[in-house]
Amino acid sequence: MADKKDLDFTYTTIDQIFRLSMGETGDYSGAKYDGDFSMTLEEAQKAKHKFIADSLLIKKGSKVLDMACGWAPFTRYIVKERGASSIGLTLSRGQAEACQKNGFNVVVKDCRNVKPEDFGTFDAITCIGGLEHFCSVEEWQEGKQEKVYGDFFRTLSELLPSGKRFYMQTMTFSKNMIPFNELDLNAGKESTAYIMALMVKQFPGSWLPYGPEMVISSSQPYFKLISQSSGRLDYIETIAQWRKKFRKFNLKKYWLYFSLIPRYFTDKEFRHLVAIFKLSPNRVCFENEVMDHYRLVFERI
Ligand SMILES: C[S@@+](CC[C@H](N)C(=O)[O-])C[C@H]1O[C@@H](n2cnc3c(N)ncnc32)[C@H](O)[C@@H]1O
């Protein structure tokens, strides 16, 4: 699994730049356009929040656990617009500090190890864009991927009483994924071999499930699937909008970009991160159906 160090690399490194680009509580996961790309990114993210809150039957007074909460966009929505209470969990120190500064109940804690003794049980749980980080390349190579997901659903089953719901959205590998041994940072810049090798650099400690079926079968015997939909095309649009926002001029943000230049020349891993921002490998993977993206609603049996 990706540990705190990995997630600080992916998220804390860009903390200030992200917030200056997307807002203090910006979403860092696929929005829900449902194919209507006349919507703004903000409208599509709000449509996602509404869909999740409605699917999980979240109302005033609901107690919600927002696993892998990022900069707390969903927490903000359910607290401010639904009157729910929320605990958010992240493994990125920068995200947690920003969320706390903004008044949200967010702590640094591995959501895969939460026990009822920690916070009690919940009326609803979300994990929006977190599962991608739960299984490492090494765990997958050792044949442990299904066990990692199965253990996670067992943890969830202890936190949710019967009839309560869990929402997850996650990237998955899709039909054009290539064998792991073909991944190559020296391959042609357009190739899946190069793009996927960059993805592994962007998300250290992280490997994706092979299709939604792998996730759904891991949820049994604790959960039944209520709904499933692909957000692949919506994610391509989300990333296009992110790219515009990351580039939009803001003096403080551009100063931060400039201040990172020395690191560019001294830190090879960081150079890969910059290549990622230029290229958006996940967008290319969605376009080429190397990856897909799923929204899954489950109910505790
Ligand atoms: C792609 S971001 C999604 C953030 C947020 N849910 C959103 O939609 O904007 C992934 C998040 O997963 C968190 N994460 C990954 N593995 C985690 C773990 N084991 N425990 C808690 N948080 C984790 C990261 O810290 C980060 O906040």
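**Stop 1: serine 162**

Select serine 162. Serine 162 sits in the loop between helix H8 (145-159) and strand S5. This is a predicted model, so keep that in mind at every stop. Is serine 162 buried or exposed? Its relative accessibility is 58%, and exposed means over 50%, so serine 162 counts as exposed. Now show what serine 162 touches. Leaving out residues up to four places away in sequence, serine 162 touches Arg300 and Ile301. Next, add glutamate 269 to the selection. How far apart in space are serine 162 and glutamate 269? From C-alpha to C-alpha the distance is 45 Å, and in sequence they are 107 residues apart.

**Stop 2: the whole chain**

Zoom out. The chain has 15 helices and 7 strands. Its radius of gyration is 18 Å, close to the 19 Å that the globule rule gives for 301 residues, so the chain is as compact as a globular protein of that length. Along the principal axes, the C-alpha atoms fill a box of roughly 50 × 45 × 40 Å. Of the 301 residues, 54% count as buried.

Switch on the surface. The accessible surface comes to about 13300 Å². Carbon and sulfur atoms hold 53% of that surface. Colour by charge next. There are 42 positive and 37 negative side chains, and the centres of the two sets lie 5 Å apart. Then think about contacts. Take those between residues at least 6 apart in sequence: 75% of them join residues at least 24 apart.

**Stop 3: strand S4 and its partners**

Select residues 124-128, which form strand S4. How many of the 5 residues of S4 are buried? The count is 5 of 5, and S4 is mostly covered. Show the side chains. In a regular strand, side chains alternate between the two faces of the sheet. Ala124, Thr126 and Ile128 point one way from S4. Ile125 and Cys127 point the other way.

Add strand S1, residues 63-67. S1 and S4 run parallel and are joined by 4 bridges. Look for aspartate 66, which stands opposite threonine 126 in S4. Then add strand S5, residues 165-173. S5 also runs parallel to S4, with 5 bridges between them. In S5, arginine 165 is the bridge partner of alanine 124.

**Stop 4: from alanine 68 to tyrosine 77**

Move to alanine 68, in the loop between S1 and H4. Alanine 68 is not a glycine, yet its phi is positive, near 55 degrees. With a relative accessible area of 24%, alanine 68 is partly exposed.

Go on to helix H4, residues 73-82, and pick tyrosine 77. Tyrosine 77 is buried, with a relative accessible area of 5%. What is tyrosine 77 in contact with, beyond its neighbours within four places in sequence? The list is Lys46, His49, Lys50, Ala53 and Arg82. Aspartate 267 is 190 residues from tyrosine 77 along the chain, and their C-alpha atoms are separated by 38 Å.

**Stop 5: helices H5 and H9**

Select helix H5, residues 93-101. Its buried residues are Gly94, Gln95, Ala96, Ala98 and Cys99. Glycine 103 follows H5, and its phi is positive, near 90 degrees.

Jump to helix H9, residues 192-202. Here 8 of the 11 residues are buried, so H9 is largely enclosed by the rest of the structure. Among the buried residues are Tyr194, Met196, Leu198 and Met199.

**Stop 6: a cis bond**

Find glutamine 220 and proline 221. A cis peptide bond joins glutamine 220 to proline 221, with omega about 15 degrees. Proline 221 lies in the loop between helix H10 (212-219) and strand S6 (223-230).

**Stop 7: aspartate 34 and aspartate 234**

Finish with two aspartates. Aspartate 34 is in the loop between helix H2 (15-22) and helix H3 (41-55). Aspartate 34 is not a glycine, but its phi is positive, about 50 degrees. At 56% relative accessibility, aspartate 34 counts as exposed.

Now select aspartate 234 in helix H11, residues 232-247. Is aspartate 234 buried or exposed? At 4% relative accessibility, aspartate 234 counts as buried. Show its contacts, leaving aside neighbours within four places in sequence: Ala31, Lys32, Tyr33, Asp34, Gly35, Phe37 and Arg295. Asp34 is one of them, and that links the two aspartates of this stop.

Key
Residues are numbered from 1 along each chain as its sequence is written. This is a predicted model: local features need pLDDT of at least 70, side-chain atom pairs count only at pLDDT 80 or more; totals for chains, interfaces and linings use all residues. Side-chain values use heavy atoms; hydrogens and water are left out. The radius of gyration is taken over C-alpha atoms; the globule rule is 2.2 Å times the number of residues to the power 0.38. Buried means under 20% relative accessible area, exposed over 50%, partly exposed in between (1.4 Å probe, protein chains only). Contact means heavy atoms within 4.5 Å. Accessible areas come from the Shrake-Rupley method with a 1.4 Å probe; for residues, only the protein chains shown count as cover. Lys and Arg count as positive and Asp and Glu as negative; His and the chain ends are not counted. The place of a charge is taken as NZ of Lys, CZ of Arg, CG of Asp or CD of Glu. Two strands pair if DSSP finds at least two bridges between them.
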